Amino acid sequence: MKKFIIDLRVKSVERIHERYVLMKLTDERELPEMQPGQFVEIRVDGSPSTFLRRPISINYVDKRQNELWLLVAAVGDGTRRLASLKAGDRLNCLLPLGHGFTMPQSADERLLLVGGGVGVAPLLYMGAEMKQTGHEPTFLLGARSASDLLMIDEFRKYGRVMVTTEDGTEGERGFVTNHSILGQEQFTRIATCGPTPMMKAVARYARGAGVDCEVSLENLMACGLGACLCCVEKTTEGNLCVCKEGPVFNIKKLLWQD
């Protein structure tokens, strides 16, 4: 897929949580085609400590409004700078990068999309694209507490939403792999993104249940093109750059140890 370097215009920046903002970007021209699970590398201007681009998952693409949505966790100097931008500012973006999730191939597939923290971001666009093709996913979203759940109303537009919180303030108490739906229903495939311990737990469940599973890795991706070798992951095919060969991998290809 062709890559572009574009100065996108910030349309809005909405603080949806004390640590997260939802940024909507647009352009005078039609945005390039993007796939669920791909990401953007953003140049951060005005931050003396941020020398490399920041990789941000594609949260959603509103084709009617010609908008690209990015869910940004403001946790460091670079991302805090991004969170401080205003409507009308410009962002230099390299996109779309990487390989995304495998979309449903047949009408009888039942997909479970599992996310935690800011890892829920790419699952929204995946669910929206599935809905467009007549597939309704089940979302299983986890957080520490109810106040940490992100974009729940948006997810409900595209499928069933199941929730776990560690403190039990919403949904079922515990981690995503503790949710009762895993013992009550069968799925043909799982897609997951979030903290590595969560994804490894989901991968263990999938292997035990004999369910195909894809994970979106969040290794440090400095260049986004496979040149700097910062994001190398050991796989059954040798060391692969997550930014170029991923970030989405089938768990059968990974050498994760339990």
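Salt bridges, then. The count in this predicted model comes to 16 salt bridges. I will go through three pairs and one network.

Start with R19 and E18. Their side chains meet in a salt bridge, at 3.5 Å from N to O. How exposed are the two partners? R19 is partly exposed, with a relative accessible area of 29%. E18 counts as exposed, at 65% relative accessibility.

Next, R156 and D153. These two also form a salt bridge, and the closest N and O atoms are 3.5 Å apart. On the arginine side, R156 has a relative accessible area of 47%, so R156 is partly exposed. D153 has 59% relative accessibility and therefore counts as exposed; the cut-off for exposed is over 50%.

The third pair is D212 with K252. Here the salt bridge runs at 3.9 Å, N to O, between the two side chains. Which parts of the chain does this pair link? Distant ones: D212 lies in strand 12, residues 212–216, while K252 lies in the segment after strand 15, which is 248–250, and the two residues are 40 residues apart. As for accessibility, D212 is at 25%, so D212 counts as partly exposed. K252 is exposed, and its relative accessible area is 67%.

Last, the network. Which residues are joined by salt bridges that share partners? They are D27, E28, R29 and R90, and they make up one network.

To go back over the pairs: R19 with E18, R156 with D153, and D212 with K252. That is where I will stop.

Terms used. Residues numbered from 1 in each chain as written. Predicted model: local features only at pLDDT ≥ 70, side-chain atom pairs only at ≥ 80, totals over all residues. Heavy atoms only, no water. Salt bridge = Lys/Arg side-chain N within 4 Å of Asp/Glu carboxyl O. Buried < 20%, exposed > 50% of the residue type's maximum accessible area, 1.4 Å probe, protein only. Helix = DSSP H or I, 4+ residues; strand = E, 2+ residues; numbered from the N terminus.
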